[in-house]
Amino acid sequence: MPSFQLKQLQQQLNQLLLAFSLPKEFHAQLTALFERYEQPGYRYSREVKALPEPAYHLPGVMLEEIQIPFSALAQERPRPALLLAQECWQDAYFETKWVAALVLGQAPLFDVSLLIEAINGMLAHAPAAEHQLLLFERGARRLREERFDVWTDMIAGWLGQADTCARGLYALLSVVEAGDDAHLPTVFRLLEKPLADADANLRPFLQRLVAALSQRSLPETAHFLYEIAINFYAEERLRFFRSLYRSMPREQRAFIAQGFRRGVTLLADEQAADE
């Protein structure tokens, strides 16, 4: 990658922003800019983690410089931002999708139905799990913060279909990682059925979500798992829960295990009494 001066980069970004209302032209200029500064061997973790390919592997400072002017213009011009986001999201490269999600998530909600349509359409161009998370965390930011009722309705719809349940779990993960503890009861409510179903195909997604919940609120997560064990008892489900337990960090296991042991012991006692 050729080295760049910060002032030079800012000038290039200002030139790029002139095409903000021309999605295809903006996309072409953005691609040319990223290709100029790409670093195939470069890795960074602060801004983008677990970077899926293809990617330009741009330095984090460049993405930081992009955020401020792009966010400001998206807030001023929401309709062009929506069209620009849909155009750039079709690109295979992760950083271009990152720009699309950034712009979409910063644009004010001027028409919720158009935003829902855009998100559903963009999901067709989200081949990797990290692409979906990017769209949910950044692209759906305004929808999640300002119309949480609409966002949870979308998630519930995805969770209700076998072919989109994993998508719904990733959308729940974006809610957990957003850090608003007031939304945790809704997350637990929506998560109850997927956990009770104990679909082995969803195990990796559930493991990641339960781990995130444990990081956010370990006592509430332990109580939630205990309630699932009590209300939906089955040996195969307990095996599924044990696999979730083994996937957790060591420091969380003792706390979670206490809930498991209590639930299993109580149920065993009740079954023995019935017999």
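Ala101, leaving aside neighbours within four places in sequence, is in contact with Trp89, Leu134, Arg138 and Gly139. The model in which these contacts appear is a predicted one. Ala101 belongs to helix H5, which comprises residues 94-106. Its relative accessibility is 0%, and because buried means under 20%, Ala101 counts as buried. A further relation along the chain concerns Gln86: this residue and Ala101 are 15 residues apart in sequence, and their C-alpha atoms are separated by 9.0 Å.

Trp89 leads the reader onward, for it is in contact with Ala101 and is also touched by His131. His131 is located in helix H7, residues 129-139. Not counting residues up to four places away in sequence, His131 touches Pro52, Trp89, Phe94, Lys97 and Ala126. With a relative accessible area of 2%, His131 falls under the 20% limit and is therefore buried.

Helix H7 also contributes a partner to an ionic pair. In general terms, side chains of opposite charge can pair when their charged atoms come close. A search of the whole structure finds seven salt bridges. One of them joins Arg208 to Glu130, with the closest N and O atoms 3.1 Å apart. This pair links distant parts of the chain, since Arg208 is in helix H12 and Glu130 is in helix H7, 78 residues apart. The two partners are classed differently by accessibility: Arg208, at 33%, counts as partly exposed, whereas Glu130, at 19%, is buried. The value for Glu130 is under the 20% cut-off, which is why this residue is assigned to the buried class.

Helix H12, which carries Arg208, can be checked against the expected geometry of a helix. It consists of 14 residues, 203-216, and at 1.5 Å a residue these should span 20 Å. The C-alpha atoms at its ends are 20 Å apart, so the model agrees with the expectation. The buried residues of H12 are Leu206, Leu209, Val210, Ala212, Leu213 and Ser214.

Two further salt bridges involve residues close to one another in sequence. The side chains of Arg141 and Glu145 meet in a salt bridge, with an N to O distance of 2.9 Å. Both residues lie in helix H8, residues 141-146, and they are four residues apart, about one turn of the helix. Arg141 has a relative accessible area of 21% and is partly exposed. In the other pair, Asp149 forms a salt bridge with Arg147, the closest N and O atoms being 3.2 Å apart. Asp149 is partly exposed, with a relative accessible area of 43%, and Arg147 is partly exposed as well, with 33%.

The final topic is the enclosed space within the model. The structure holds one cavity of 30 Å³ or more, and the largest cavity has a volume of about 90 Å³. Its lining is formed by Pro78, Leu82, Leu104, Ala107, Pro108, Leu109, Phe110, Asp111, Leu115 and Arg142. By class, this lining has eight nonpolar residues, no polar residues and two charged residues. Leu104 thus appears among the lining residues, and its number falls within the range of helix H5, residues 94-106, the helix in which Ala101 has its place.

Key. Residues numbered from 1 in each chain as written. Predicted model: local features only at pLDDT ≥ 70, side-chain atom pairs only at ≥ 80, totals over all residues. Heavy atoms only, no water. Helix = DSSP H or I, 4+ residues; strand = E, 2+ residues; numbered from the N terminus. Expected span 1.5 Å × (residues − 1). Buried < 20%, exposed > 50% of the residue type's maximum accessible area, 1.4 Å probe, protein only. 1 Å grid on protein atoms, 1.4 Å probe; cavity = no way out; pocket = protein on both sides within 12 Å on 5 of 7 lines; lining within 4 Å. Points joined across faces, edges and corners; volume = space filled by probe spheres on them. Nonpolar A, V, L, I, M, F, W, Y, C, P; charged D, E, K, R; others polar. Contact = heavy atoms within 4.5 Å. Salt bridge = Lys/Arg side-chain N within 4 Å of Asp/Glu carboxyl O.
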